[in-house]
Amino acid sequence: MGLYTTAMVAITEYTGLSPAAFFTILALMVVVYKVVCGMFVAAVDYSTVKKANSYAHRSPVQLGDLTEEELRAYDGSDPEKPLLMAVKGQVYDVSRSRMFYGPGGPYGLFAGRDASRALALMSFDPQDLTGNIEGLSASDLDVLQDWEYKFMEKYIKVGQLVSGRKQAEPAENGDKMQESMSKQENEVQKTPISE
């Protein structure tokens with residue numbers, strides 16, 4: 001009983017409040033803290049947001065050469081794929097800015113495309129969503145260069161656009177591939193070495 005009495009006297013002397021008023025204010029402070037914290041991020045929402053952003057924080061995968069058709073698959077419609085965009089033929093992973101370049105974002109129509117012309121002209125016209133920069137003025141090219149520098153600073157380059165790919169015939173069990181390698185080796189062995 002002595003500890004309780006000592007605590008009540010200490011509260012009164014230290015705060016100038018009665019013990020009942022002190023504990024009432026303390027309880028109200030805890031309730032206000034919980035309410036204010038709950039207004040900003042609920043625990044369930046936090047885990048959902050963290051899960052949704054986990055993809056954006058993964059390290060980018062180097063894809064190498066891509067055609068424009070292959071690039072279109074990375075427009076954000078599939079949340080499991082990275083969000084890619086090209087500027088002057090260089091492909092950048094813009095996944096960490098999904099709110100801007102993802103579906104429904106203000107620059108969402110640029111995703112999965114080479115948007116060089118649109119960026120240079122500061123245009124959202126679908127006809128300008130191309131990598132063709134012919135006919136642009138010097139000032140437009142300067143604007144495009146500024147955009148390219150921004151992309152180089154902020155995003156990781158994961159590949160470059162190529163005009164087309166040669167489609168290799170699929171080899172059955174690797175027989176055709178092995179056959180062509182054997183032919184190449186035979187040609188090398190038959191070539192006379194001049195000293």
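Tutor: Before we look at this predicted model, one term is needed: a cavity is a set of grid points where a 1.4 Å probe fits but cannot get out. By that criterion, the structure holds one cavity of 30 Å³ or more.

Student: What is the volume of the largest cavity, and which residues line the largest cavity?

Tutor: Its volume is about 40 Å³. The lining is made up of Glu 68, Leu 71, Arg 72, Gly 112, Arg 113, Asp 114 and Leu 129, and a residue is counted there when it has an atom within 4 Å of a cavity point.

Student: How many residues of each class are in that lining?

Tutor: Two are nonpolar, one is polar and four are charged. Gly counts as polar in this scheme, so Gly 112 is placed in the polar class.

Student: Why is Glu 148 called buried or exposed?

Tutor: Buried means a relative accessible area under 20%; Glu 148 has 11%, and therefore it is called buried. This residue lies in helix H7 and, leaving aside neighbours within four places in sequence, Glu 148 is in contact with Val 87, Lys 88, Gln 90 and Tyr 92.

Student: What makes Ala 73 buried, partly exposed or exposed?

Tutor: The partly exposed class runs between the 20% and 50% limits, and Ala 73, with a relative accessible area of 31%, therefore belongs to it. Ala 73 lies in the loop between helix H4 (68–72) and S2, and its C-alpha atom is separated by 9.0 Å from that of Leu 83, 10 residues apart along the chain.

Student: How do you know that S2 and S3 pair, and in which sense?

Tutor: Pairing requires at least two bridges, and strand S2 (residues 84–87) and strand S3 (residues 90–93) have four, in the antiparallel sense. Ala 86 stands opposite Val 91 in S3, and in the hairpin, which has two residues between the strands, Lys 88 takes a positive phi near 55 degrees. S3 also pairs with strand S4 (residues 156–161), again antiparallel and over four bridges, with Tyr 92 opposite Lys 157 in S4.

Student: Which elements of the chain have the lowest and the highest mean pLDDT?

Tutor: Helix H8 (residues 175–190) has the lowest, at 42, and helix H7 (residues 138–154) the highest, at 94. Over residues 167–195 the pLDDT is below 50, and beyond near neighbours in sequence this stretch has three contacts in the model. Where pLDDT is low, the predicted coordinates should not be read in detail. For the chain, the mean pLDDT is 79, and 73% of its residues reach 70 or more.

Conventions. Residues numbered from 1 in each chain as written. Predicted model: local features only at pLDDT ≥ 70, side-chain atom pairs only at ≥ 80, totals over all residues. Heavy atoms only, no water. 1 Å grid on protein atoms, 1.4 Å probe; cavity = no way out; pocket = protein on both sides within 12 Å on 5 of 7 lines; lining within 4 Å. Points joined across faces, edges and corners; volume = space filled by probe spheres on them. pLDDT = per-residue confidence, 0-100. Contact = heavy atoms within 4.5 Å. Buried < 20%, exposed > 50% of the residue type's maximum accessible area, 1.4 Å probe, protein only.
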